[in-house]
Amino acid sequence: MFSLDPETSDYVLIEDNVQIDADTSEYAINSSNYRYWRAPMQQYIDELIAGETGVRGRDFNTRWVAAMVGDVHRILCRGGLFTYPFDTKYAHKAGKLRLMYEANPMSLLIERAGGGATDAVNRILDIEPTDIHQRVPVVLGSKNEVDYVKDLHVNYSEK
């Protein structure tokens, strides 16, 4: 991790071998779109909100910068989960974030730091682009939380 030294205008190494804890109690999501999410994502957020009295048995904190780069920086510094999930708000868009120049670069950084990055089911870096501006849902950050969200989506069945 580098930081700009304003006196010299040089980037200075401030932390080497950045690693993200596999577990976390922080998440970042735009909750205003809750009604548009798929049921597994709604279930996931409901579980986090229930805290220690719910199935997860512990409290979670929300941190939302509303800028993916800022949220990813926080995750690299102290762990967490960032998601901009699939929603039905705009039926013609598969997600909000662009695969090639938003999801892929941030996913690479997160994975290199030991985290995970999916579209809720598939690894982001395994998605074959079909368009330069292709949009995808994103779930990235602490590995165990990303895997938990993936399991909810993979194992979900209409009730």
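This passage describes a central strand, a buried arginine and a nonpolar surface patch in a predicted model.

Strand β9, which spans residues 138–141, is covered on both of its faces. In a regular strand the side chains alternate between the two faces of the sheet. In β9, Val138 and Leu140 lie on one side while Val139 and Gly141 lie on the other, and all of these residues are buried. Strand β9 pairs in the antiparallel sense with strand β5 (residues 81–84), over four bridges, and it also runs antiparallel to strand β7 (residues 116–118), to which it is joined by three bridges. Leu140 appears in both pairings, being the bridge partner of Phe82 and standing opposite Ala117.

Outside the strands, Arg56 is found in the loop between α1 (39–50) and β4 (61–62). The relative accessible area of Arg56 is 17%, and this residue is therefore classed as buried, the cut-off for that class being under 20%. When neighbours within four places in sequence are left aside, Arg56 is in contact with Tyr44, Glu47 and Leu48, as well as with Glu145 and Tyr148.

A contrasting environment is seen at the surface, where Phe2, Leu4, Tyr11 and Leu13 form a nonpolar patch whose accessible area together is about 480 Å². Strands β1 (2–5) and β2 (10–13) each supply at least two residues of this patch. Phe2, which is placed in strand β1, has a relative accessible area of 57% and is therefore exposed, since the class begins over 50%.

Notes:
Residues numbered from 1 in each chain as written. Predicted model: local features only at pLDDT ≥ 70, side-chain atom pairs only at ≥ 80, totals over all residues. Heavy atoms only, no water. Buried < 20%, exposed > 50% of the residue type's maximum accessible area, 1.4 Å probe, protein only. Pairing = 2+ DSSP bridges. Contact = heavy atoms within 4.5 Å. Patch = residues over 30% accessible without salt bridge, like charges linked within 9 Å, V, L, I, M, F, W, Y side chains within 5 Å. Areas by Shrake-Rupley, 256 points an atom, 1.4 Å probe, with all protein chains shown as cover. Salt bridge = Lys/Arg side-chain N within 4 Å of Asp/Glu carboxyl O.
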